[in-house]
Amino acid sequence: MDLSERIPSLQQLSRQGHSLLRRSRTAIATADHVLLSSWTLWFEGQGPLVAACTSEADCLLRLRSSAANLLICTDTLDGGCGTSLVRRAKQEHHDLRVLMLLQRPIPRTILDAIDAGCHGICSAQATGTGTVAAALTAIDTDGQYLDPLISGVLHHSRLRRSGDQVPLQDLTMREEDVLRGLCRGMTNQEIADALVVSIDTVKSHVGSLLRKLPARDRTMAVVTAFREGLVQVPTRPPRWT
């Protein structure tokens, strides 16, 4: 991928930062020391960065003592793993918001991250392309986000059906439109703009989708949609599937 043409815009985006970061006490955790260093530099001039760790145990200790309310982590850590960190952290800090960058974006790790309760899930390979900013915006406004590459992996994988399936209720055409947007990794605002409706209308349709599928949140709605073949999203298979 050649991003040379986008260097000025990416640098500008980095300088602007993000309002969620400026309003949050953030902890970061990754086994990638280069990524950890770059994140630390990125936070200069933004909200307080209260922890920078490479292991699950160290990050949990810092979360307990720092009053962090936002965690950005990867699935791979020097000790432990990202999904275990998220599960344990959310048991102790129920209001903690989590963005995970998957360095192994395969169906198993994606489903583990969803089950752990991550609010945003992005491919680490897509960092620097605006996906992290989009995820932060979605987390700040919608609560959850799957980037298009992650959705593509789920779409092209064979998700196993559970043995105890609940019959699905019929979706309206507008609910199907909204569901397709969710499966493409679009935020509520992006779906509203595409359908020329208000964001409140989109939120109402999302609520109806969660009841009908049934799903506990947006990310589980996407998993159900792909598992049941409810939508066809024109996404090419990512190279790691």
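**Exercise 1. What covers helix H12**

Task: In this predicted model, find which elements cover the buried residues of H12, and state how many of the residues of H12 are buried.

Solution:
Step 1. Locate the helix: H12 spans residues 218–228.
Step 2. List the elements that lie over its buried residues. They include the helices H6, H8, H9 (173–183), H10 (188–195) and H11 (199–212), together with strand S6 (145–146).
Step 3. Count the buried residues. The helix is mostly covered, with 10 of its 11 residues buried.
Step 4. Name them. Arg-218, Thr-219, Ala-221, Val-222 and Val-223 are among the buried residues, and so are Thr-224, Ala-225, Phe-226, Arg-227 and Glu-228.
Step 5. Look just past the end of H12. Gly-229 has a positive phi there, at about 65 degrees.

**Exercise 2. Two helices that cross**

Task: Describe how H6 and H8 cross, and sort the residues of their contact into nonpolar, polar and charged.

Solution:
Step 1. Choose the quantities. Two packed helices are described by the angle and the distance between their axes.
Step 2. Read them off. The axes of H6 (residues 107–116) and H8 (residues 148–155) come within 10 Å, and they cross at roughly 115 degrees.
Step 3. Give the handedness: the crossing of H6 past H8 is left-handed.
Step 4. Find the residues that meet. H6 contributes Pro-107, Ile-110, Leu-111 and Ile-114, while H8 contributes Ile-150, Val-153 and Leu-154.
Step 5. Sort them. Seven are nonpolar, none is polar and none is charged.

**Exercise 3. The surroundings of Asp-75**

Task: Decide whether Asp-75 is buried or exposed, and identify the side chain with which its own side chain makes a polar contact.

Solution:
Step 1. Place the residue. Asp-75 sits in the loop that runs between strand S3 (70–74) and helix H5 (82–92).
Step 2. Apply the cut-off, under 20% relative accessible area for buried. Asp-75 has 4% relative accessibility, so it counts as buried.
Step 3. Find the partner. The side chain of Arg-104 makes a polar contact with that of Asp-75, at 3.2 Å.
Step 4. Add other contacts. Beyond four places in sequence, Asp-75 touches residues including Cys-81, Gly-82, Met-100, Leu-101 and Thr-109.

**Exercise 4. Ala-51 in its strand**

Task: Where is Ala-51 placed, and which residues does it contact beyond four places in sequence?

Solution:
Step 1. Ala-51 belongs to strand S2 (residues 49–53).
Step 2. Its relative accessible area is 5%, so Ala-51 is buried.
Step 3. Leaving out neighbours within four places, Ala-51 contacts Thr-26, Ala-27, Ile-28 and Arg-62.
Step 4. For a distance, take Ser-65: Ala-51 and Ser-65 are 14 residues apart in sequence and 9.7 Å apart from C-alpha to C-alpha.

Key. Residues numbered from 1 in each chain as written. Predicted model: local features only at pLDDT ≥ 70, side-chain atom pairs only at ≥ 80, totals over all residues. Heavy atoms only, no water. Helix = DSSP H or I, 4+ residues; strand = E, 2+ residues; numbered from the N terminus. Buried < 20%, exposed > 50% of the residue type's maximum accessible area, 1.4 Å probe, protein only. Polar contact = N/O pair within 3.5 Å; in protein donor to acceptor, adjacent residues only side chain to side chain. Contact = heavy atoms within 4.5 Å. Axes fitted to C-alpha atoms, helices over the stretch in contact; angles between N-to-C directions. Left-handed = near helix turned anticlockwise from the far one by under 90°. Nonpolar A, V, L, I, M, F, W, Y, C, P; charged D, E, K, R; others polar.
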